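Hi everyone, thanks for making time this morning. I'd like to walk you through one structure, so please pull it up alongside me.

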Amino acid sequence: MRQCGILMPVSSLPGPGGIGCFGKQAYAFVDFLNRAGQQLWQILPLSPTGYGDSPYQSCSAFAGNPYFIDLETLVDEGLLEASDITKWDWGEDAAHVDYGKLYNSRFMVLRKAYQTFLEKCHGVHGMEQYLPDDWYAFTLKNENWLPDYALYMAGKKAFKMQSWQQWPEELRDRQPEALKEFAEENADEVGFWTFLQYEFDKQWTALKQHANQKGVRILGDMPIYAAADSADAWTGGNLFERNRDRGFSRVAGCPPDFFSATGQLWGNPVYDWEYHRQTGFAWWVQRMRRSLELYDVVRIDHFRGFDTYWAIPAGSETAINGKWEKGPGMELFRAMESAIGYPLPIVAEDLGELFDSVRELLRESGYPGMKVLQFGFGGGNEFLPYSYTRNTVVYPGTHDNTTLTDWWENAASEQEKGFARVYLNLKSDEDAVPALLDAVLSSVSDTAIVPMFDWLGLGGEARLNSPGRTDGNWSWRMLDGAATDALAYYIRSRCWVYGRTSAPAEVPQAQHRPQPESAKAMEEQKQPTLRTSKQKKHKKHKR
């Protein structure tokens with residue numbers, strides 16, 4: 001049952017087009033995982049990014065991110081020319097996503113692909129309409145969310161990206177005649193957003209099948225909340241707590257914690273759980289079915305919110321004045337398992353302030369919880385390996401933590417590092433990161449997940465997300481050529497030593513971590529990045 005995997009967002013894959021996608025580099029990464037003896041590829045939510053470029057503030061709980069559609073595949077399908085990709089400025093830094101440039105260019109290219117698709121399907125001179133059979137199969141299969149999502153996105157364009165709460169009243173309130181008229185007037189725009197989901201689904205399904213054939217399962221992420229400005233909130237009605245003016249009365253977040261002294265104000269509307277009970281949790285069943293189509297295993301973000309959640313009055317400037325409320329507990333998970341018909345393959349993100357009732361919910365569910373080694377050296381003994389249990393998933397750090405290298409060099413206190421030196425029996429600080437990784441892999445936890453940036457030994461420049469910061473997150477990308485055969489061999493060897501994978505072809509005698517990126521590759525790919533005078537240059541460890 002012992003297994004291992006790598007956390008690597010799709011957006012962080014290398015390749016052309018300014019952001020990682022479902023193209024050749026994604027297939028190459030799956031092959032790298034296979035060579036490295038990994039059974040799991042953990043990714044972030046595949047949903048479209050929203051406020052702050054966050055995949056946890058998406059405009060849809062069901063749709064896929066159009067940025068992940070591989071443009072080179074569209075060239076192969078005859079929907080684009082190669083020049084359509086190369087003529088755009090996707091950003092100057094191969095190691096980071098430039099979301100501003102991506103937003104201004106990506107959809108222009110995708111709109112051309114859509115027009116070519118229509119010409120191929122409809123005929124250039126008004127011939128009888130014909131769409132592929134798989135188009136009809138896809139739209140029929142997803143009819144419970146796709147039409148509303150496409151109409152919502154058409155509304156966002158028509159009303160200059162304003163929140164649906166600022167739309168004309170008849171559309172804001174979803175009056176049937178107004179919706180019908182708007183859909184007819186914007187049929188081409190609705191078709192465009194439907195086309196993007198069709199292409200996303202085709203490409204992701206093919207990539208996931210390749211991963212599964214290579215013995216790699218996808219561990220995906222389900223955010224607990226929907227965004228306030230989303231198709232879900234627009235269509236959801238009574239799914240969320242509302243006030244007399246049809247606005248949201250309270251929003252979600254978390255109280256002051258390790259990451260923020262004023263808590264985190266996420267701004268997502270909180271659910272009206274009594275209404276969900278009355279419907280048999282139908283929306284959640286639908287959402288879980290969709291997640292299980294996309295992923296093999298589902299990590300539920302902020303699992304503790306199903307026991308108790310922090311509800312903050314709408315309009316608050318911080319999360320301090322929130323209040324703990326009772327969630328649906330096991331009633332929700334029993335309803336989903338009953339409807340879907342088998343035990344759900346769930347990982348519970350049970351981090352943060354935990355009450356005994358949260359621990360009881362996790363125990364009753366039987367789902368594995370999470371352990372984060374970085375938290376262990378500041379006095380949190382439950383995060384030290386000697387206290388783990390088998391039914392857990394252990395990480396050196398998650399997407400919300402900085403990298404191990406940056407943690408050791410800059411973030412960890414002297415007290416934490418002093419304790420870590422003793423705990424890990426370090427002979428030299430240069431051995432700290434490999435020793436921390438070994439502590440994760442050697443633990444009793446059935447599953448160990450290591451972020452790719454930690455296997456690469458990268459510093460703070462590779463941090464994915466700093467909770468509480470509204471910009472500059474979610475942008476790190478791995479450089480092309482970093483996932484070498486030597487690194488795959490090293491990873492497999494370390495995981496094999498601790499019983500998490502089969503032996504490499506040649507059993508190692510002694511090992512040193514390979515340099516992940518050659519000097520030549522770094523020189524060829526790394527472009528100047530904007531740095532403030534206060535930012536430190538991270539030292540390189542000898543490996």
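Before the first pair of helices, a word on the angles: axes here are lines fitted to C-alpha atoms, for helices over the stretch in contact, and the angles run from 0 to 180 degrees between N-to-C directions. And please keep in mind that this is a predicted model.

So, let's look at helix α6, residues 146-158, and helix α8, residues 176-185. Their axes are 11 Å apart, and the two helices pack at an angle of about 75°. Angles of 65 to 115 degrees count as roughly perpendicular, and α6 and α8 are therefore roughly perpendicular to each other. Which residues meet there? From α6 we have L151, A154, G155 and A158, and from α8 we have L179, F182 and A183. By class, this contact of α6 with α8 has six nonpolar residues, one polar and no charged.

Now over to the sheets. One is an open sheet of eight strands with parallel pairing, and if you trace along it, the order reads β9-β6-β3-β2-β1-β12-β11-β10. The edge strands are β9, at 346-348, and β10, at 369-372, and each of them pairs on one side only. From one strand to the next, the twist averages 25°.

Let's stay with β10 for a moment. Strand β11, residues 392-395, runs parallel to β10, and four bridges join the two. If you'd like a spot to click on, take G369: its bridge partner in β11 is T392. Lying across β11 and β12 is helix α17, residues 432-442. Relative to β12, which spans 447-451, α17 runs at about 155°.

There is also an open sheet of four strands, with the order β5-β4-β7-β8 and antiparallel pairing. What is it about β5 and β8 that leaves one side of each without a neighbour in the sheet? Strands β5 (264-269) and β8 (323-326) stand at the edges with a single partner strand each, so one side of each has no neighbour there. Neighbouring strands in this four-stranded sheet are turned by 45° against each other on average, with direction ignored.

Inside that sheet, have a look at β4, residues 250-254, and β7, residues 308-313. These two strands run antiparallel, joined by four bridges. A252, for instance, has A311 in β7 as its bridge partner.

Last topic, and one I suspect this group will enjoy: the cavities. How many are there of 30 Å³ or more? The count comes to three.

The largest cavity holds about 190 Å³ of space. Its lining has 22 residues, and those nearest the centre are S47, S60, A61, P223 and R287. Two elements give two or more residues to this lining, namely β3, at 217-222, and α12, at 282-294. The largest share, four residues, comes from α12. Sorted by class, the lining of the largest cavity has 14 nonpolar residues, four polar and four charged.

The second largest cavity has about 110 Å³ of space. It is lined by 14 residues, with S11, L44, P45, P55 and F68 the closest to its centre. Here the split is eleven nonpolar, three polar and no charged. So, putting the two linings side by side: the largest cavity has four charged residues, while the second largest has none.

That's the tour. Thanks for listening, and I'm happy to go back to any part of it.

Methods: Residues are numbered from 1 along each chain as its sequence is written. This is a predicted model: local features need pLDDT of at least 70, side-chain atom pairs count only at pLDDT 80 or more; totals for chains, interfaces and linings use all residues. Side-chain values use heavy atoms; hydrogens and water are left out. On a 1 Å grid over the protein atoms alone, a cavity is a set of points where a 1.4 Å probe fits but cannot get out, and a pocket is an open set with protein on both sides within 12 Å along at least five of seven lines; lining residues have an atom within 4 Å of a point. Grid points are joined across faces, edges and corners, and a volume is the space filled by probe spheres set on the points. Ala, Val, Leu, Ile, Met, Phe, Trp, Tyr, Cys and Pro count as nonpolar, Asp, Glu, Lys and Arg as charged, and the others, Gly among them, as polar. Two strands pair if DSSP finds at least two bridges between them. Angles under 35 degrees count as roughly parallel, over 145 as roughly antiparallel, 65 to 115 as roughly perpendicular and the rest as oblique. Contact means heavy atoms within 4.5 Å.
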